[in-house]
Amino acid sequence: MSGRVLVAGIGNVFLGDDGFGVEVVNRIDASALPSRVDVVDYGIRGVHLAYELLNGRHDTLIMVDAVPIEGPPGTLAVLEVDDADAVVAGPVPVNGHGMHPQAVLDLLRNLGGGVRRVLIVGCRPAVIDEGMGLSAPVAAAVDDAVRLVVDLARRIQQADVECADA
């Protein structure tokens with residue numbers, strides 16, 4: 001167990017609120033995080049993220065993305081992906097411009113990799129349409145999402161350190 005955490009911002013900045021994850025990770029001050037937490041803007045490079053995870057360097061992945069969760073636009077949620085429930089049958093279609101979180105994880109498993117824990121910090125979008133910039137409710141949620149991601153990464157890192165020391 002490496003105890004490393006990867007915070008991955010994903011989404012397409014040319015599709016309105018789909019750029020939420022990218023905006024959040026670009027606002028995170030990585031120097032305020034423990035040294036074993038990496039923050040990366042993957043944007044639409046979901047295939048790259050899957051290959052990055054193949055090296056086994058990270059035990060925990062926190063993906064930040066616009067997701068269709070309950071509530072009005074701008075609602076934030078932390079979702080835990082249960083790897084045991086995921087079943088991948090056959091090859092995963094790879095589209096460099098449309099790799100949502102589950103597609104990334106499916107590709108990773110098909111490549112023979114995995115990650116111990118996967119969390120998604122999601123925000124309900126208002127607009128997923130051609131155009132740059134976040135809608136008002138999603139833009140208003142970005143600072144709260146930054147705090148949420150930083151707190152989550154710190155707590156996970158601390159728990160991993162405590163487990164390693166025990």
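What follows is a conversation between a student and a tutor about how the terms used for this predicted model are justified.

Tutor: Residues are numbered from 1 along each chain as its sequence is written, and side-chain values use heavy atoms, with hydrogens and water left out. Since the model is predicted, local features need pLDDT of at least 70 and side-chain atom pairs count only at pLDDT 80 or more, while totals for chains, interfaces and linings use all residues.

Student: What makes the pair Glu23 and Arg27 a salt bridge?

Tutor: A salt bridge is a side-chain nitrogen of Lys or Arg within 4 Å of a carboxyl oxygen of Asp or Glu. In Glu23 and Arg27 the closest N and O atoms are 2.8 Å apart, and therefore the pair meets the rule. By this rule there are eight salt bridges. Side chains of opposite charge can pair when their charged atoms come close.

Student: Where do Glu23 and Arg27 lie with respect to each other in helix α1?

Tutor: Helix α1 covers residues 20-27, and the two residues are four apart in it, which means that about one helical turn separates them. Helices (H or I, at least four residues) and strands (E, at least two) are DSSP runs, numbered from the N terminus.

Student: Why is Arg27 called partly exposed?

Tutor: Buried means under 20% relative accessible area, exposed means over 50%, and partly exposed is in between (1.4 Å probe, protein chains only). Arg27 has 40% relative accessibility and so counts as partly exposed, and Glu23, with 28%, is also partly exposed.

Student: Which residue of helix α4 pairs with Arg27?

Tutor: The side chain of Asp143 meets that of Arg27 in a salt bridge of 3.0 Å, N to O. This pair links distant parts of the chain, with Asp143 in helix α4 (residues 136-165) and Arg27 in helix α1, 116 residues apart. Asp143 is partly exposed, at a relative accessible area of 41%.

Student: How do you know that Arg57 and Asp38 form a salt bridge?

Tutor: Their closest N and O atoms are 3.7 Å apart, and that distance is within 4 Å, so the rule is met. Arg57 lies in the loop between α2 (46-53) and β3 (60-66), while Asp38 lies in strand β2 (residues 37-43), so the pair ties together parts that are 19 residues apart in sequence. Arg57 counts as partly exposed at 37% relative accessibility, whereas Asp38 counts as buried at 17%. Arg4, Asp38 and Arg57 are linked in a network of salt bridges.

Student: What joins the side chains of His58 and Asp38?

Tutor: A polar contact of 2.7 Å joins them. Such a contact is a pair of N or O atoms within 3.5 Å; within protein, one must be able to donate a hydrogen and the other to accept it, and residues adjacent in sequence count only if both atoms are side-chain atoms. His58 is found in the loop between α2 and β3, and its relative accessible area of 5% makes it buried. Contact means heavy atoms within 4.5 Å, and, leaving aside neighbours within four places in sequence, the residues in contact with His58 include Ser2, Arg4 and Val115.

Student: What makes Asn12 buried?

Tutor: Asn12 has 13% relative accessibility and therefore counts as buried. This residue is found in the loop between β1 and α1, and a polar atom of its side chain lies 2.8 Å from the backbone nitrogen of Phe14.

Student: Why is α3 described as largely enclosed by the rest of the structure?

Tutor: Seven of the ten residues of α3 are buried, so the description follows. Among them are Pro101, Val104 and Leu108. What covers the buried residues of α3 includes β1, α2, β3, β4 (76-81) and β5 (117-123).

Student: How many contacts does the stretch of residues 87-92 have in the model, beyond near neighbours in sequence?

Tutor: pLDDT is the predictor's confidence in each residue, from 0 to 100. The mean for the protein chain is 87, and 85% of its residues reach 70 or more. Over residues 87-92, however, the pLDDT is below 50, and this stretch has nine contacts in the model beyond near neighbours in sequence. Where pLDDT is low, the predicted coordinates should not be read in detail.
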